[in-house]
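Me: I'm new to this one and would like a quick tour. Can you pull it up so we can chat through it?

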Amino acid sequence: MPSFRFELRCETQGAVRIAGVDEVGRGPLAGPVVAAVAVIDRGRATRKLLGLIDDSKKLDHAQREEAYEAMIASGAVQFAVAEASVEEIDTINILQATFLAMRRAVQALTEPPCMVLVDGNRVPPQLGCPAETIIGGDAHSYSIAAASILAKVTRDRQMAALATAFPGYGWETNRGYGSAAHLEALKLLGPTPHHRRSFAPVRELV
């Protein structure tokens, strides 16, 4: 389970409002990249709520949905979710688009954080506040884990909605990743406006 160890360490350095940031959707062939930021009020977060929060990759669909709804209902988690579009991914590349989504999420918070804990090994440039990277952070920090769930549920719901508008690609299950069924559908149906044309399997069909 995650902990508040990194948040507590930042507090000893004088930070009083610590946010976790994570993203989802760097690898898919279709759909936006989505980032989320979360600030957990430890005084209001119950043990039950914290028991639901974990690295989103370790949770199944139902567990992520439960944790997502619980965080929103609790009032103990302040958060923001943002994205970078397919067009932006194709224009500035996926890494820079990921940084863009993270910046947008942090800037969308109603109150700026004193410190941001970023999952990964690179701090997005021009984030606007001090930041520290944590490799595998969604398994070690409650704030990052919360952000990972918020981003994952948001993007999964978006892809399920797009699957209704663009049937045949299996986005309701593969979420835009390059599964065998998705690649076969690309060959048969061609790319949609939501496919990333800068990604090789799509680029070869354009």
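**A first look: helices, salt bridges and a surface patch**

Reply: Sure. Keep in mind that this is a predicted model. One thing to look at straight away is a pair of helices, α3 and α6, whose crossing is left-handed.

Me: At what angle do α3 and α6 pack, and how far apart are their axes?

Reply: The angle is about 110°, and the axes are 9 Å apart. For finding them, α3 covers residues 61-74 and α6 covers residues 142-165.

Me: So what do we call that, roughly parallel or roughly perpendicular?

Reply: Roughly perpendicular. Angles of 65 to 115 degrees go under that name, and therefore α3 and α6 get it with their angle of about 110°.

Me: OK, switching topic. How many salt bridges are there in the whole structure?

Reply: A search turns up 11. One of the 11 salt bridges joins the side chains of R42 and E11, at 2.8 Å from N to O. R42 and E11 are 31 residues apart, so to speak in distant parts of the chain: R42 is in the loop between β2 and α2, while E11 belongs to helix α1.

Me: Are those two buried or exposed?

Reply: Partly exposed, in both cases: R42 has 35% relative accessibility, and E11 has 31%. Partly exposed is the label between under 20% (buried) and over 50% (exposed).

Me: What about K57, which residues does it form salt bridges with?

Reply: D55 is one partner, with the closest N and O atoms 3.3 Å apart. D138 is another, at 2.7 Å. That K57 and D138 pair links distant parts of the chain, 81 residues apart, with K57 in the loop between α2 and α3 and D138 in the loop between β5 and α6.

Me: And how do K57 and its partners count, buried or exposed?

Reply: K57 is exposed, because its relative accessible area is 64%. D55 counts as buried at 5%, and D138 is buried too, at 3%.

Me: Which residues are linked in a network of salt bridges?

Reply: R64, K152, D156 and R175 are linked that way.

Me: Last topic, the surface. Which residues form a nonpolar patch there?

Reply: I72, F79 and V81 do, and together they have about 210 Å² of accessible area. I72 takes us back to where we began, since that residue is found in helix α3. I72 counts as partly exposed because its relative accessibility is 39%.

Notes:
Residues are numbered from 1 along each chain as its sequence is written. This is a predicted model: local features need pLDDT of at least 70, side-chain atom pairs count only at pLDDT 80 or more; totals for chains, interfaces and linings use all residues. Side-chain values use heavy atoms; hydrogens and water are left out. Patches are made of residues with over 30% relative accessible area and no salt bridge: like charges are joined within 9 Å, nonpolar side chains (Val, Leu, Ile, Met, Phe, Trp, Tyr) within 5 Å. Accessible areas come from the Shrake-Rupley method with a 1.4 Å probe; for residues, only the protein chains shown count as cover. A salt bridge is a side-chain nitrogen of Lys or Arg within 4 Å of a carboxyl oxygen of Asp or Glu. Helices (H or I, at least four residues) and strands (E, at least two) are DSSP runs, numbered from the N terminus. Buried means under 20% relative accessible area, exposed over 50%, partly exposed in between (1.4 Å probe, protein chains only). Axes are lines fitted to C-alpha atoms, for helices over the stretch in contact, and angles run from 0 to 180 degrees between N-to-C directions. Angles under 35 degrees count as roughly parallel, over 145 as roughly antiparallel, 65 to 115 as roughly perpendicular and the rest as oblique. A crossing is left-handed if the near helix is turned anticlockwise from the far one by less than a right angle, and right-handed if clockwise.
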